[in-house]
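Good morning. I will go through one structure today, starting from a single residue and working outwards. Please have the sequence and the model open.

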Number of protein chains: 2
Amino acid sequence: MKEKEFINIIKDITKSGYIGDDCAYLKDLGIVVSQDNLVENVHFSMEFTDAYKLGYKSAMVNISDIAASGAEPKYLTVGLSLPDKINTDFVRDFYKGIKDASDDIEIIGGDITGNDRIFISITIIGTTEGRKISSRKNAKEGYKIIVSGNHGSSAAGLKELSTGQKSKFTQQHLMPNAQVSFSKYISKNIKYDYAMMDTSDGLMDALLQISRSSNVLLDINFEKIPYDKDLEKFDNYKDLILYGGEDYELVACVPQNFYVPHSFEIGKVKKGSGIKLDGEYVKNAEEKLFNHFKEQK
Amino acid sequence: MKEKEFINIIKDITKSGYIGDDCAYLKDLGIVVSQDNLVENVHFSMEFTDAYKLGYKSAMVNISDIAASGAEPKYLTVGLSLPDKINTDFVRDFYKGIKDASDDIEIIGGDITGNDRIFISITIIGTTEGRKISSRKNAKEGYKIIVSGNHGSSAAGLKELSTGQKSKFTQQHLMPNAQVSFSKYISKNIKYDYAMMDTSDGLMDALLQISRSSNVLLDINFEKIPYDKDLEKFDNYKDLILYGGEDYELVACVPQNFYVPHSFEIGKVKKGSGIKLDGEYVKNAEEKLFNHFKEQK
């Protein structure tokens, strides 16, 4: 997939200021909207998951996009396409998974069609009342960089799944949790502009996007990044932490004196551009992200 | 696809009052939301259409859902999944088609992923300000039944396409137009509750849904249904008109004295249940709809 090339074309044709962000913020309606696809044998394999877990994760992936904006996840619609062989139990379990992922979210509709493999496209709507909405353009010099939790677990889980193992990491890969409370605390309490993204495509990817959109240097201290110590049994565990995707944690750049409960400060926003890791500029981040992405396919 | 069975399960699991309607009406936000899937070789074939026409029709199918509710189509997001072999021209033309279908609608985002065949899931948001929103439950005894235009052309076009022909009917099948003006006139001017649906699954299907949801008899006069006279060259042209889908016209039940420009009165809402056609109860409508549906696959 030439995804980035396609997105540039779409921006060019549509002249839409919304394209390219995780969420569209519709100020006139007081809502944010996001849509994410999950395709069988691209994003997941039924060899490793089941209908319930798939529903749960599909909802969480979308809830995480809304959480990243600071809005309150409220309504979702499910575009689902299923092979003819799939039975009613699959549909029941899939929707149970969605429902269990989202106590406060109402499933308001969607469409169900036939296909040769499972395709899921969920659209989620969040409300912005009483919330300050984030933008990846809002990281400012002097801000601190915080994350909501552990990184690398999901990528480790994916590796283990492919060798037939089951562990806490495989569980975290199959049933991630969106960081709704972290998002809610910040967006309801912060007075200043701030940047926030989820780390669905990896922590480094989110940092790069924020750095570029805000024209700042993000100076990261690796040892401050929280991770499960059991990751150290993996040869390349530092890469899993930095480049592994699908942890669905949040990374935010907020004023130094703004306290966020259960957050981990991993660095500072400075004048300049790019990412520094323990004092060294990160040079091959794009390539590593790309390779990680390829590996997952 | 056991679509109806699946929808009952989804209603049961989600306990959502929104499931099963074409649009979800979110009163708290003043919006209606709808999502529709289009799957390659199920809903369309690249043998007969092209990227531009596909984009155009994909948007129109969704715009038609909002038009049926009486709301104003405003924003859409596009979940798109494409085979790797597809090039940038395809993406450009597809989005041009969407844009040309919808001058007043902004494309606000979506997701683009890899797949083995083309899959499109569009979510559309309409606003309800200054509009009275329809419900298929609102057909009342004494109301007249009106349609916005010709039926049967799209189904005739599909038949012609499969034999390699090109005509005004194939054009109407590939590039239908949602009846936005008809919808706007009614929803901005009507004072009473009314029923409205689009005829995407066939005129008879829409009539059946309204009849059931409103617990009324719909008494239809076949000769009042507008259609292109050139349809008469097809052996079963009456079936095309009644059961053929994808005309994306609107059918509405409104008070007898409510004037709607460019509308065609095709019958009356009466006490009772089911559909009468020229005085006779329609007995095998479900089966005919089902057969038509199968034929299209």
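I start with Ile210(A), which sits in helix 7 of chain A, the helix that covers residues 203-214. Keep in mind throughout that this is a predicted model. Is Ile210(A) buried or exposed? Its relative accessible area is 0%, so Ile210(A) is buried, the limit for that word being under 20%.

What does Ile210(A) touch, once residues up to four places away in sequence are set aside? The list includes Arg136(A), Ala139(A), Ala195(A) and Met197(A). Asn215(A), Val216(A) and Leu218(A) are also on it, as are Val251(A) and Cys253(A). For a residue further along the chain, take Lys283(A): 73 residues separate it from Ile210(A) in sequence, and their C-alpha atoms are 16 Å apart.

Now go over to chain B and find Val251(B), in strand 9, residues 250-254. Val251(B) is buried too, with a relative accessible area of 0%. Leaving out neighbours within four places in sequence, its contacts include Ile145(B), Ile146(B) and Val147(B). Among the others are Leu203(B), Ala206(B), Leu207(B) and Ile210(B). Met196(B) is a further contact of Val251(B). Those two residues are 55 apart along the chain, while their C-alpha atoms are separated by 5.7 Å.

Staying in chain B, look at Ser183(B) in helix 6, residues 180-189. Ser183(B) has 1% relative accessibility and counts as buried. Beyond its neighbours within four places, Ser183(B) contacts Ala67(B), Gly70(B), Ala71(B), Arg131(B), Met196(B) and Leu250(B). Met196(B) thus turns up in the contacts of Ser183(B) and in those of Val251(B).

Back to chain A, for a residue in a loop. Thr128(A) lies between strand 5 (119-127) and strand 6 (144-147). At 9% relative accessibility, Thr128(A) counts as buried. With neighbours within four places left aside, Thr128(A) is in contact with Tyr25(A), Gly30(A), Ile31(A), Val32(A), Ala71(A) and Ile133(A).

Next, the domains. Chain A is assigned a domain 1, residues 3-127, and a domain 2, residues 144-292. How far apart are the centres of these two domains of chain A? Taken over C-alpha atoms, the distance is 22 Å. On the contact side, 18 residues of domain 1 of chain A meet 21 residues of domain 2. Between them, about 1,700 Å² of area is buried, and carbon and sulfur atoms give 58% of that.

Now the aromatic rings. Over all chains there are 13 aromatic pairs. One of them is Phe90(A) with Phe94(A), a stacked pair with 6.3 Å between centres and 10° between planes. Why are these two about one helical turn apart? Because they are four residues apart in helix 3 of chain A, residues 88-101. Phe90(A) is buried at 10% relative accessible area, and Phe94(A) is buried at 0%.

Compare that with Tyr185(A) and Phe258(A), whose ring centres are 6.2 Å apart. Their planes are at 40°, so this pair is tilted. Tyr185(A) is in helix 6 (residues 180-189) of chain A, and Phe258(A) is in the loop between strand 9 and strand 10, so to speak of linked distant parts is fair: 73 residues lie from one to the other. Tyr185(A) is partly exposed, at 30% relative accessibility, whereas Phe258(A) is buried, at 12%.

Rings can also join up beyond a pair. Phe90(A), Phe94(A) and Tyr95(A) are linked by ring pairs into a cluster.

A ring can have a charge over it as well. In chain A, the charged end of Lys229(A) sits over the ring of Tyr227(A), 3.8 Å from the centre. In chain B, Lys229(B) lies over the face of Tyr227(B), also at 3.8 Å from the ring centre.

That brings me to how the two chains are related. In general, two copies of a chain are related by a rotation about an axis and a shift along that axis. What turn lays chain A on chain B? A turn of 180°, with a shift of 0.0 Å along the axis and an RMSD of 0.0 Å. This is the relation of a two-fold axis. As for where the copies meet, 100% of the interface residues of chain A are also interface residues in chain B, so the two meet through the same surface.

That is the end of my part.

Note on methods: Residues are numbered from 1 along each chain as its sequence is written. Chains are lettered from A and ligands numbered from 1 in the order in which they are written. This is a predicted model: local features need pLDDT of at least 70, side-chain atom pairs count only at pLDDT 80 or more; totals for chains, interfaces and linings use all residues. Side-chain values use heavy atoms; hydrogens and water are left out. Rings of Phe, Tyr and Trp (its six-membered ring) pair if their centres lie within 6.5 Å; planes under 30 degrees apart count as stacked, over 60 as edge-to-face and the rest as tilted. Buried means under 20% relative accessible area, exposed over 50%, partly exposed in between (1.4 Å probe, protein chains only). A charge sits over a ring if NZ of Lys or CZ of Arg is within 6 Å of the ring centre and within 35 degrees of the ring normal. Copies are superposed by least squares on the C-alpha atoms of residues with pLDDT of at least 70 in both. Contact means heavy atoms within 4.5 Å. Domain bounds come from an automatic or database domain assignment. Buried area is the accessible area (1.4 Å probe) that two parts lose on being put together, summed over both.
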